[in-house]
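Student: I have a new structure open and I'm not sure where to begin. Could you walk me through it?

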Amino acid sequence: IRIVQRMEKVLITGPLIGDSVSRLVNHFRVEYSKNEVMNQTAFSHAVKDAWGIVTMTSLSVDRHIIDSSPQLKVISNLGVGCDNIDVSYAQSKGITVTNTPDVLSESTAEMAMGLLLATSRRIIEGDHMVKAGGFSGWKVDLLLGSELNGKTLGILGCGSIGQAIARIAGDFEMQVQYCNRSRLPDEVETRLHLSAVDFDGLLEKSDFLVITTPLNKESHHLFDLKAFERMKTSAILVNIGRGPVIKEVDLIAALETNLIAAVALDVFEMPPNVAEQLKTRVNVTLTPHLGSATTEARSRMSDLVINAILDVHEGRVPDYVVS
Ligand code: 8YV
């Protein structure tokens, strides 16, 4: 008698870069949404008989989803932020949750610097002006911006991405201060010329402020009207972390009353919806969640999510288990 063992199902909820998925086919029944990220409804159906899933930031893996998937053993999240997943509930059910930190830090830090420069030097405004035929000749005060050199950069959340930003900002000779849940080791502070400040200090002293912090109960709506009131009126704010760290209606009010000078957002409170009042302002730069969007980072992330599935299957501890 031949016993045919049924292979476990792995659900990959959206396209990955490269062909890392091919490493699964000998071990699993693979359901791969190759062309686009599944919507939440399709996901909630497809997850029911899955042993492992590769998830994307736009899909919520809440208690309901976890309860509906009795065979689920591993949630392998493409990305570092796991606010889309009820991690502690998953863990209480014996499910391993993994993510992809570090490999995207340089790309995301470069994006933050790109947005800082684009905003401070009004690059997008210049581009629009030239393309619209509005460039009528050089002028001494045409689209004047502000220099990064010598200014104070505040970083909210100073993990691996924040530290990469600090390192690059050092080459711009910026004074870098950070506000983090816990103080960084002396060695890191010294090497990166970082000074630790509390949230009020970060708001009050920063000329440029970059948000890299994960989204959780403490960081949700941290930037509200009260926070904007404490910031310099010349301040430029960049968010490459998670949208809901900023209370968007308060940001709009702050921009309308010139509480801060400009903002660049790579993430939004209710993605992919973006408030009309943000789209129409010249001092607002908007990008569609591109922080880790380089071939290098996304290829490494795509490899890691597949490694994690195979590791759990073969009884190894994956490289990045979320604790
Ligand atoms: C990803 C991110 O693009 O790592 C994160 O937390 O936001 C991005 O790198 C996103 O998570 C894709 O699922």
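Tutor: Let us begin with a term: two strands pair if DSSP finds at least two bridges between them. Keep in mind as well that this is a predicted model.

Student: OK, so how many bridges are there between strand 6 and strand 9?

Tutor: Strand 6, residues 152–156, and strand 9, residues 208–211, are paired over four bridges, and they do so in the parallel sense. Along strand 9, the residue that stands opposite leucine 156 is isoleucine 211.

Student: And which order do the strands of that sheet follow?

Tutor: The order is 8-7-6-9-10-11-12, which makes an open sheet of seven strands with parallel pairing. At its edges are strand 8 (194–196) and strand 12 (284–286), each of which pairs on one side only. If you ignore direction, neighbouring strands in this sheet are turned by 20 degrees against each other on average.

Student: What does helix 4 touch?

Tutor: Helix 4, made of residues 105–120, packs on the sheet and touches strand 6, strand 9, strand 10 (236–239), strand 11 (262–265) and strand 12, while its direction makes about 150 degrees with that of strand 10. Helix 6, residues 160–171, lies across strand 6, strand 7 (175–179), strand 8 and strand 9, and it runs at about 170 degrees to strand 6.

Student: Changing topic, what about the sheet with the order 2-1-3-4-5?

Tutor: That one is an open sheet of five strands, and its pairing is parallel. Strand 2 (29–32) and strand 5 (96–98) each have a single partner strand, so one side of each is left without a neighbour in the sheet. Here neighbouring strands are turned by 10 degrees against each other on average, direction ignored.

Student: Which residue is the bridge partner of isoleucine 75 in strand 5?

Tutor: The partner is valine 97, and strand 4 (residues 74–77) is joined to strand 5 by three bridges, the two running parallel. Helix 12, residues 295–313, lies across strand 1 (9–12), strand 3 (52–55), strand 4 and strand 5, at about 165 degrees to strand 4.

Student: Now the ligand: which residues are around it?

Tutor: The residues around the ligand include Met56, Thr57, Leu78, Gly79, Arg242, His289, Ser292 and Arg298. By class, the shell divides into five nonpolar, five polar and two charged residues.

Student: Which atoms of the ligand does serine 292 approach, and how many Å apart are they?

Tutor: A polar side-chain atom of serine 292 lies 2.7 Å from an oxygen atom of the ligand. For arginine 298, an N or O atom in the side chain is 3.0 Å from a ligand oxygen, whereas threonine 57 uses a backbone N or O atom, which lies 2.9 Å from an oxygen atom of the ligand. The protein covers 90% of the 330 Å² of accessible area that the ligand has on its own.

Student: Last one, where is the cis peptide bond?

Tutor: The cis bond joins proline 271 and proline 272, with omega at about 5 degrees, and proline 272 lies in the loop between strand 11 and helix 11 (276–279). Another backbone detail is arginine 122, a residue other than glycine whose phi is positive, near 55 degrees; arginine 122 is found in the loop between helix 4 and helix 5 (123–131).

Definitions and conventions: Residues are numbered from 1 along each chain as its sequence is written. This is a predicted model: local features need pLDDT of at least 70, side-chain atom pairs count only at pLDDT 80 or more; totals for chains, interfaces and linings use all residues. Side-chain values use heavy atoms; hydrogens and water are left out. Axes are lines fitted to C-alpha atoms, for helices over the stretch in contact, and angles run from 0 to 180 degrees between N-to-C directions. Contact means heavy atoms within 4.5 Å. A residue is near a molecule or strand if one of its heavy atoms lies within 4 Å of it. A polar contact is a pair of N or O atoms within 3.5 Å; within protein, one must be able to donate a hydrogen and the other to accept it, and residues adjacent in sequence count only if both atoms are side-chain atoms. Accessible areas come from the Shrake-Rupley method with a 1.4 Å probe; for residues, only the protein chains shown count as cover. Ala, Val, Leu, Ile, Met, Phe, Trp, Tyr, Cys and Pro count as nonpolar, Asp, Glu, Lys and Arg as charged, and the others, Gly among them, as polar.
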